[in-house]
Amino acid sequence: MLYCPCSGKRENTDSTHGVFSFDENLAEANQPYSVDDDLLNEAEVNGNWTPQEKALHEARLKAKAKRRLRKSSSRNSTSESFSESGELSGGDPHSPKGKVNTSDRKSRTGKGRGLPKKGGAGGKGVWGAAGMVYEDEEPDMRDPNYDESAQGDTVYATVVPEVDEKELEKMVKPIVQEYFEHGDTKEVQMLLKGLNLGTHKFEFSSLAVSLSLEGKASHRELTSRLLSDLSGKMLSQSEMARAFDKILKELPDLILDTPEAPQMLGQFVARAIADHILPMSFLDCYKGKVDCEHARVALDRAEVLLTMKREMVRLDNVWGVGGGLRPVKHLVKEMNLLLKEYLISGDVSEAEHCLRDLEVPHFHHELVYEVVVMVLESTGDTASHMMIKLLQSFWKTGLITVDQMNRGFQRVYDELPEINLDVPHAHSIMETFVDLCYKEAVITKLLRDACLARGRKRFVSEGDGGVIKN
């Protein structure tokens, strides 16, 4: 038993019978420590503490930590700062409340009212502060939510593959053949824009010239016009030069089907230079450098045409009359010239060849009309017999059809009163010429009967009811 000066009582200190009361232990814990901590730690090491004493010691340590924390929080918050390690100076690193919580949204300086930072703007899952305006951002193609169709107006462009050299002739040949029928260069340009010729663009010109060499004179005239319209728009002078150079190399093969190919190609070259499709120095590049005989003939032909005076030859008419594409007055003039040359030479085959070169089968009625008018205006029977021979030849060969023959004679029938003013004996000459044509089987009986009678019709009397005197 020991005497306690604080309580004035005796207490049992035996380890087996007496212990400190719980109330007294709490009172001592609230007071400053008076026991040396080193002695307590030594007693703990020696193992002399009972479980109750050990629990009492832990309670004292907790109370001490609470008092230290209370004192630190009462200090001025402005005196606190962060250390270099990022920990709050004065905090207990062993205490849970002394550690810095990096995920805490409250102020770590002790200021503020404990509200979230930024006023609630910019946090996780938050759109931002009220009234905040965001700038447009470019969509990221690597974004999993990237939608290509939602990025404005989607433009789809048609990609045309380049035409292969083997397929070029199959695709271009129908275009050229159709052009020979309609003669519209704008349509050809539109069709060529739909084809991706690529590096083989110049071959279109060489193929068009090759096809025209096998065709008519009107086809060659159309080809020259086509090359002139394409030059500068779709084909350059260098590409045109490559095209003609290729044709010059292919002349040995072209001459097998078209013996006159060298002369025609020379005309093409001269026309192209006159139309500024080829440069003026095109012929100079081949002087003394051509081994092919046919190519030399073509180049010499072009040089001769270019050196001739303009009064003697016009290169824009190097292919002759271009069929129905020429003016009507020009066609009429050519037919008159044809008939006058025939009356001088009497060569029916030459006249037939010239008429075929005109390539105007729909305008042959004009030739028949001119033949009849020349017979009416001529003196003597020579012109009449020669013209009947010419019409008979054209009729037998089928060069002039029945329809064209009838239209030509009918035009003369309709204009005979006016022709009679200049030719007083036009009616009698017309009747004689029509009878001869019918005998030679040039015209039909129906067309002969349609010819107007020369005599004036007279009535027997006024009271005979309009009976015509025979």
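The legends below walk through one overall view and several close-ups of this predicted model.

In this predicted model, local features need pLDDT of at least 70 and side-chain atom pairs count only at pLDDT 80 or more, while totals for chains, interfaces and linings use all residues. Residues are numbered from 1 along each chain as its sequence is written, and side-chain values use heavy atoms, with hydrogens and water left out.

**View 1. The whole protein, with its 18 helices and two strands.**
Helices (H or I, at least four residues) and strands (E, at least two) are DSSP runs, numbered from the N terminus. Of the 470 residues in the protein, 31% are buried. Here, buried means under 20% relative accessible area, exposed means over 50%, and partly exposed is in between (1.4 Å probe, protein chains only). The accessible surface comes to about 32,200 Å², and carbon and sulfur atoms own 51% of it; the areas come from the Shrake-Rupley method with a 1.4 Å probe, and for residues only the protein chains shown count as cover. Among contacts with a separation of 6 or more, 64% join residues 24 or more positions apart, a contact being heavy atoms within 4.5 Å.

**View 2. Helix α11 (residues 293-307) and its buried side.**
How far apart should the ends of this helix be? With 15 residues at 1.5 Å a residue, α11 should span 21 Å, and its end C-alpha atoms are indeed 21 Å apart. The expected span is 1.5 Å times one less than the number of residues. Look next for Ala295, Ala298, Leu299, Ala302 and Leu305, which are buried. They cover an arc of only 125° around the axis, so they sit on the same side of α11; the arc is that of the directions from the helix axis to the C-beta atoms. The face turned away from this buried side carries the exposed residues Glu293 and Thr307. Cover for the buried residues includes α8 (237-249), α9 (251-257) and α10 (261-274).

**View 3. Met430 and its neighbours in helix α17 and beyond.**
Is Met430, a residue of helix α17 (residues 426-439), buried or exposed? Met430 is buried, with a relative accessible area of 0%. Leaving aside residues up to four places away in sequence, Met430 touches Val372, Leu376, Phe409, Val412, Tyr413, Leu416 and Cys451. One of these partners, Leu416, is 14 residues from Met430 along the chain, and their C-alpha atoms are separated by 8.9 Å.

**View 4. A salt bridge within helix α13, between Arg356 and Glu352.**
A salt bridge here is a side-chain nitrogen of Lys or Arg within 4 Å of a carboxyl oxygen of Asp or Glu, and by this rule the count comes to ten. In this pair the closest N and O atoms are 3.1 Å apart. Both residues belong to α13 (residues 348-358), four residues apart, or about one turn of the helix. Arg356 is partly exposed at 44% relative accessible area, whereas Glu352 is buried at 15%.

**View 5. Glu366 and Arg411, a salt bridge between two helices.**
The closest N and O atoms of Glu366 and Arg411 are 2.8 Å apart. Glu366 lies in α14 (residues 364-377) and Arg411 in α16 (residues 402-422), so the pair ties together parts 45 residues apart in sequence. Glu366 is buried, with a relative accessible area of 6%, while Arg411 is partly exposed at 25%.

**View 6. Further salt bridges, including the pair Arg448 and Asp449.**
Arg448 bridges to Asp449, with 3.3 Å between the closest N and O atoms. Arg448 is partly exposed at 26% relative accessible area, and Asp449 counts as partly exposed at 48%. Which residues are linked in a network of salt bridges? Look for Glu221, Arg225, Arg271 and Asp275.

**View 7. Positive phi angles at His276 and Ala441.**
His276 has a phi near 65°, a positive value in a residue other than glycine. This residue sits in the loop between α10 and α11 and is exposed, with a relative accessible area of 58%. Ala441 also is not a glycine, yet its phi is positive at about 65°. You will find Ala441 in the loop between α17 and α18 (445-449), where Ala441 is partly exposed at 48% relative accessible area.
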